[in-house]
Each structure stands twice: as structure tokens, then as C-alpha cells.
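These are my notebook entries from a session with a single structure. I set down what I looked up, in the order in which I followed it.

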Amino acid sequence: MLDFPTWKKFWLWGLTLVAVLAAMPSLFAAANVEWPEALPNPQVNLGLDLAGGSHILLEADPAEVAAQRLENMEETVRGEMRRAEPRIRIGDISTSGGALSFMLDTPADIDRARGLLEPVMMGTNLVREWDLTVVDGQRMVLTPTDDGVDQAVTDAMDSATEVVRKRIDGLGTREPTIIRQGDTRIVVQVPGLQDPDQLKELLGKTAKLEFKLVDLNALPTDVQAGIVPPGTQAFPYSDETPQAGQMVAVRRLGGIRGDSLTNAQAGVNPQNNENVVNIQFDQQGASKFCTLSTENVDRPFAIILDEKVISAPNFNEPICGGSAQISGTFTAQSAADLAIALNSGALPVELAVIEERTVGPDLGADSIRKGLLAMMIGSVAVIALMVATYGRFGIYATIALVFNVLIILGLMAGLNTTLTLPGIAGFVITIGAAVDANVLINERIREERKRGRRVVAAVENGYKEASRAIYDANITNFIAGVLLFLFGSGPVRGFAVVLVIGLFTSVFTALVLTRMWVAGWLRKTRPSDISI
């Protein structure tokens, strides 16, 4: 009991002081006092309910997912038939009526074509995503199944949620809340962001980047009227370009998609000081881009972003290094935003903002004041009761309580967690739990003294016996806190974080720190009796 060697005391005090120092920047910020720039500055992040911020609800259109799947399947079918040995020739391919149909030039190729497409129709989750039927002995029709459509929507929304998270992280904001709501919606909450316009613009941008060859055979007058040859599609120039309002005809298939990108960085072209975005392809994309540029030197290609042409330069020479440059009428901010969007990946489905709210910081500041007031009143009442009831041991419990709160703040700052309004409630509960541990210890010491044990033996047995009950109670609370964190969201998680951290700090301050202090006092004074 009294055996606390010097190294152990230094170790315990060191851990305590490091956590307390980590809490200082947050306390300085709360008091509006500037923290020295030369020192580390970990701070507790405030949630949307405390710091204010932006709340946006995004929604996707499942019909767009279905249309994209049809287009992808068309390219897959063309590729499979082209790679077959001998090649299976097809014609009259269409995606009308929500199904993909194509005619085989040779009816005898039906069985071979079916064998090639059978693996494609099964999804990665062993869900049959397509049904295949043969009409008139020569036309093959691929129809998406309901399970396949549902799985595609789920996959698209999961991917979209991750893309949204990467884009918000690219803005430098901390601890956003991004969760799925229903089948086709995503809730985005960004604390501290009072102007949501940049956020809306970034999240509303699909960032679907494509490089397609310009069809020189299409007549410009027909293109402007929306009339294009088979296998060609028309896209308008972006509103930010000098050619805004004009249309460009490009080949529908055979281009390169932006999913081959590995990196995108905003920069400046040293030749003309224009803002550009420098991009880097992966190995497969670099090979495709090299082939495309080599075979089409002195021919124009369109750079298409979200179905709008941002530029249509010529391939002046083969580009085989895996690097390219996107130029246009970019500002420094728009180039940086585009780089963030490209690095995070293209959204698999367009997201529309259907709800927008801006939460002011005034409500959060009022909540903080009231929460702190409740904590202070409760703490003062608890301190008065503990000191009046247990004397010196109550003073030790009070000091441990103060350290407990500071250590929680320090750990939250070091772990970069977020404090929400329910988290303040978790603080208040933690204070009660910490005091409960000291009450158990002190009452147990009283019982040991009534049984006639000596002072040192009574204190030692009191801590030993009470620790069992304390550990049991905290283990059950820990399980509850972990389950709240795993299955809860938003405010519930904020409460769970403070609760779980508070359990560890409460045990540390109640069972370890107070024991060290009591041991030091007993070793120094050797009292014959104690007032408790």
C-alpha cells in the first residue's frame, strides 16, 4: 500500500501533467485567450450543436444509376464480343426501355455469346444482376433485375458517401458528420462552416471527367441543332468558357474516364500564367492515353467535366508519360476545388441539395454556458459534500475530480474528438461516476476501521476491496458506451466518446492518484487514527 517508489510517482505525475497540458489550449480558447504559437495546439473540436455550422441533405436519383449501368454494360458487351475468338460481330445495339438489346450478325453465335455474358450477369455479391433472353433467335436482350438495381443503388450511395467525406476532408474542416439516410440520401453536417456555398458547389459537382475524341465528320450546323451521326454525342461548352453556348460532337465510345487518375494538383502554367490542374494517370490510364494521343496527333479531343466541355485542344504530340494538364478559364479557387473533386473521385451518381440549414454559433455558446454552469454547480455541491463527509479523504477526492475533468479534455484534444452538447452531459455523469468510486473507497475504509483494523491495513483493504466493485461497474458501463458508439450516430456518439474516456480517467484518478496521495501522507505522518 505504502510502496510507491520514486520512479512510479514520476511516471504517474508525468502522465497526469501531459494530459493536463494537452487540455490547456482548449481552456485558453474557451476563455478567448491567445495560445502561444510556438507551442503545440491540440484542441477539442466543437460539434455542430455547439460551434454552429452547415447542415445539408443530399439526394440521388436512382434512375441515373440505372442509366449508367446500361452504358457500362454496353461497353462490356462490345468488349467481350470483340475479344472472343473468333470475334462475334454485333449490330443494332440500343438501350431503350431500360434494357440493353443487340443483334448478332450470325445466329450460330448465340451460345458462345451467352457463355461470355453469363459471368458478367452475376454480381460480386452472388446476386444475379441481369436476365438474358433471346428474341427471334438472333436478338439478345439484357434486362436488369430488381436485386441488381437495388444492389447498384446501395453500392453507388456507399461510394458517394465516401467521395463526399474525402471532398470535405480536402477543405480542411474537421470532424464532419456524414451519414446515410434512407436508400438515396446523405446527411452532411460541417461544424464551424457558416457559409455553405462553397460546400454546396463542391458536393454538387459530380466531377465525372472524360477525354473523348472530337468527331470531325459531324456538321457544325447539325451539331448546334442537336443532330449528330450514330455513335456520336454532343456536349455544350461550359458557361465559363469563351465558347459558352456552342456544342461539340464527340465519339461516344473509346475515350478515357477520370477513374484512371491517381493524383490531381492545382498549379499555374509557366508559359502563360494560366491556372491549370495537373493530373497523373495510373498505369492502365497512362497506356490508354498514350495510345489515344499517338493515334490522333493533330486531332482535337474534348475534356469533358460533368457533361460540359471545358476545353478542346489538339494532340500536338504523343503524351506517354502518364501526366497531362487540364486548362480552361480557371481561377485559383476553382482549380483547387476541381483538384479536390478529382482526387476524391467522381461521384457515381449526381447528388442534389434538397435541404440546407445554417446553424448559428449563438445557440451553441448558450448551451456551453448553461452546461458549464450546471457542471460548476454540481461540482461545488459534490465537493462540499465530500469534504464535509470525509475530511482529508474528501479533499483528495476533490483534487482527483479536478484532474479527472482536465485529463478528459486533454485526451479528447489529443485524440482529435468532437465535443457535442450530449458530450457535456457525459462530463456531468462522469463527475458523478468519479465521486461514486471515491465514496465506495472511503466507506470501505470506514468499515475496516470499525472492524478494528489498524490505519494502514484499513486503508489498504479499503482500496483493495472497493476496487473490485469499481471495476465491475465500469466494465458494464464501458460495454454500454461502446455499443452506443458503434450503433449510434451524431449526438449519441458524442455522448459515448466522453462516457468511455471518462470511465478510464475516473478509475485512474480514483484508484491510482488518490491512493498515491494517501500513501504519501500516511508514510509521512504515520497517524494513529484517521477521521473519515
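I began with backbone angles, keeping in mind that this is a predicted model. My starting point was Asp298, which I found in the loop between α8 and β15 (301-305). I noted Asp298 because its phi is near 70 degrees, a positive value in a residue other than glycine, and I then looked up its exposure, where a relative accessibility of 59% makes Asp298 count as exposed.

I turned to Asp92, which also has a positive phi although it is not glycine, here near 50 degrees. Asp92 sits in strand β3, and I recorded it as exposed because its relative accessibility is 53%.

Which peptide bond did I enter as cis? It is the one from Glu85 to Pro86, with omega near -5 degrees. I placed Pro86 in the loop between α3 (62-83) and β3 (90-94), and β3 is also the strand in which I had found Asp92.

Next I went back to α8 for the cysteines. I found 1 disulfide in the structure, and it joins Cys290 to Cys320 with an S to S distance of 2.0 Å. Cys290 belongs to helix α8 (residues 283-295), whereas Cys320 lies in the loop between β16 (308-311) and β17 (323-330), so the bond ties together parts that are 30 residues apart in sequence. The torsion about the S-S bond of Cys290 and Cys320 came out at about 65 degrees, so I entered the disulfide as right-handed. I also checked Cys320 for exposure, and at 45% relative accessibility it counts as partly exposed.

I then looked up the aromatic rings, for which the count comes to 11 aromatic pairs. One of these is Phe393 with Tyr396, whose ring centres are 6.4 Å apart and whose planes stand at 80 degrees, so I wrote the pair down as edge-to-face. Both residues lie in helix α11 (residues 392-414), where they are 3 residues apart, about one turn of the helix. Are Phe393 and Tyr396 buried or exposed? I found that both Phe393 and Tyr396 are buried. Following the ring pairs further, I saw that they link Trp13, Phe393, Tyr396, Phe403, Trp517 and Trp521 into a cluster.

Phe393 led me on to the largest nonpolar core, which has 53 residues and in which Phe393 is among those with the most contacts, alongside Met412, Leu419, Phe427, Ile445, Val459 and Ile530. The elements that give two or more residues to this core are α1 (6-30), α10 (361-390), α11, α12 (421-450), α13 and α14. I noted that α14 supplies the largest share of the core, with 14 residues.

My last entry concerns the surface, where I found a nonpolar patch of about 940 Å² made by Tyr471, Ile475, Phe478, Ile479, Leu483, Phe485, Leu486, Phe487 and Phe504. Which helix gives the most to the nonpolar patch? I found that it is α13 (residues 455-487), with 8 residues. I placed Phe504 in helix α14 (residues 491-525), and because its relative accessibility is 53%, Phe504 counts as exposed. I closed the page with a cross-reference, since α13 and α14 had both appeared earlier among the elements that give two or more residues to the largest nonpolar core.

How values were computed:
Residues are numbered from 1 along each chain as its sequence is written. This is a predicted model: local features need pLDDT of at least 70, side-chain atom pairs count only at pLDDT 80 or more; totals for chains, interfaces and linings use all residues. Side-chain values use heavy atoms; hydrogens and water are left out. Patches are made of residues with over 30% relative accessible area and no salt bridge: like charges are joined within 9 Å, nonpolar side chains (Val, Leu, Ile, Met, Phe, Trp, Tyr) within 5 Å. Accessible areas come from the Shrake-Rupley method with a 1.4 Å probe; for residues, only the protein chains shown count as cover. A salt bridge is a side-chain nitrogen of Lys or Arg within 4 Å of a carboxyl oxygen of Asp or Glu. Helices (H or I, at least four residues) and strands (E, at least two) are DSSP runs, numbered from the N terminus. Buried means under 20% relative accessible area, exposed over 50%, partly exposed in between (1.4 Å probe, protein chains only). A disulfide is a pair of cysteine sulfur atoms within 2.5 Å. Rings of Phe, Tyr and Trp (its six-membered ring) pair if their centres lie within 6.5 Å; planes under 30 degrees apart count as stacked, over 60 as edge-to-face and the rest as tilted. A nonpolar core is a set of buried Ala, Val, Leu, Ile, Met, Phe, Trp, Tyr and Cys residues joined through side-chain atoms within 4.5 Å.
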